[in-house]
Amino acid sequence: LWRNTTGGGTFNNITDGQGFGPPGVPIGIHVDQHAFAFDPNNPDIVWAGNDGGVYRSLNGGNTWEHRNRDLQTLQYTAIAVHPTREAVMLGGTQDNGTHRYAGHPAWKFMDGGDGGFAQIDPQTPTRMYHGQTNNTFYRSDDAGETWDKKTGLITGFGEFYPPFELDPGDSNVCYFGNTNLWHSPNNADGWDSVTTDLIGNITAIAVDPSDSTKVYVGTTEGH
């Protein structure tokens with residue numbers, strides 16, 4: 001969010017915090033602004049709507065505070081459920097990070113940015129995966145406490161939130177989709193391309209549970 005106080009010329013960034021400070025606590029105003037409005041009775045009071053909800057400034061944008069109490073501001077893009085503990089889940093949210101639920105009233109913030117796909121390894125549930133945008137995704141081997149980037153040699157372009165799937169017969173085997181279908185035999189440590197460029201970007205992947213040599217994909221072009 002930018003401000004100019006002279007009617008033209010240089011605009012100054014008044015987003016007085018970007019990213020995250022303590023885990024899950026935004027610094028200043030959230031990123032990605034969609035709307036703002038001035039109080040008709042006091043121009044120093046400014047309201048902003050963004051991917052983090054509703055924010056208010058009482059001093060013309062110098063500082064901000066969220067006004068999200070009782071508002072449901074998160075949009076989950078994916079949810080993964082623990083194979084044996086139904087109270088444990090991992091979820092990715094649009095521009096509000098990836099969160100883990102463990103049965104408590106609040107979800108725990110695990111990683112920042114956009115949260116795309118989420119997967120929990122059914123054979124080794126402490127191994128979790130989450131995507132961000134494009135070809136960026138991560139694996140955790142300690143139930144989400146730390147994350148390692150696992151994009152590896154994957155190249156090409158895909159959807160904003162590309163798909164990622166585990167083989168239901170062998171969860172060490174992973175698939176990732178963009179313009180190509182990518183395959184990993186070793187928990188996303190290494191990747192090879194299964195296809196050449198397809199018609200459209202891959203939006204869905206399914207592995208035949210009775211025959212893992214059969215993998216189905218759907219694309220943006222309806223194939």
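**View 1. Lys150 and Asp189 meet through their side chains in a salt bridge of 2.6 Å, N to O.** A salt bridge here is a side-chain nitrogen of Lys or Arg within 4 Å of a carboxyl oxygen of Asp or Glu. This pair ties together distant parts of the chain: Lys150 sits in the loop between β14 (148-149) and β15 (164-167), Asp189 in the loop between β17 and β18, and 39 residues separate them. Strands are DSSP runs of E with at least two residues, helices are runs of H or I with at least four, and both are numbered from the N terminus. Lys150 counts as buried at 15% relative accessibility, while Asp189 is partly exposed at 46%. Buried means under 20% relative accessible area, exposed means over 50%, and partly exposed lies in between (1.4 Å probe, protein chains only). Please keep in mind that this is a predicted model, in which local features need pLDDT of at least 70 and side-chain atom pairs count only at pLDDT 80 or more, whereas totals for chains, interfaces and linings use all residues. Residues are numbered from 1 along each chain as its sequence is written, and side-chain values use heavy atoms, with hydrogens and water left out.

**View 2. Arg139 has salt bridges to Asp141 and to Asp189.** The N to O distance is 3.1 Å for Arg139 with Asp141 and 3.0 Å for Arg139 with Asp189. The pair of Arg139 and Asp189 links distant parts of the chain, 50 residues apart, with Arg139 in strand β13 (residues 137-140) and Asp189 in the loop between β17 and β18. Arg139 is buried, with a relative accessible area of 9%, whereas Asp141 is partly exposed at 43%. As general background, side chains of opposite charge can pair when their charged atoms come close.

**View 3. Asn187 and Ala188 each have a positive phi.** For Asn187, phi is near 60°; for Ala188, phi is near 75°. These values are worth a look because most residues other than glycine have a negative phi. Asn187 lies in the loop between β17 (181-184) and β18 (192-193), and Ala188 is found in the loop between β17 and β18. Asn187 is buried at 11% relative accessible area, and Ala188 is buried at 1%.

**View 4. Leu74, Tyr76, Ile79 and Val81 make a nonpolar surface patch of about 320 Å².** Such patches take residues with over 30% relative accessible area and no salt bridge; nonpolar side chains (Val, Leu, Ile, Met, Phe, Trp, Tyr) are joined within 5 Å, like charges within 9 Å. Areas come from the Shrake-Rupley method with a 1.4 Å probe, and for residues only the protein chains shown count as cover. Leu74 is in the loop between β6 (65-66) and β7 (76-81) and is partly exposed, with a relative accessible area of 39%.

**View 5. Thr219 belongs to strand β20 (residues 215-219).** Leaving out residues up to four places away in sequence, Thr219 touches Ile199, Gly200, Asn201, Ile202 and Thr203. Contact means heavy atoms within 4.5 Å. Thr219 is buried, with a relative accessible area of 10%. For the wider setting, the protein chain has zero helices and 20 strands, and 43% of its 223 residues count as buried.
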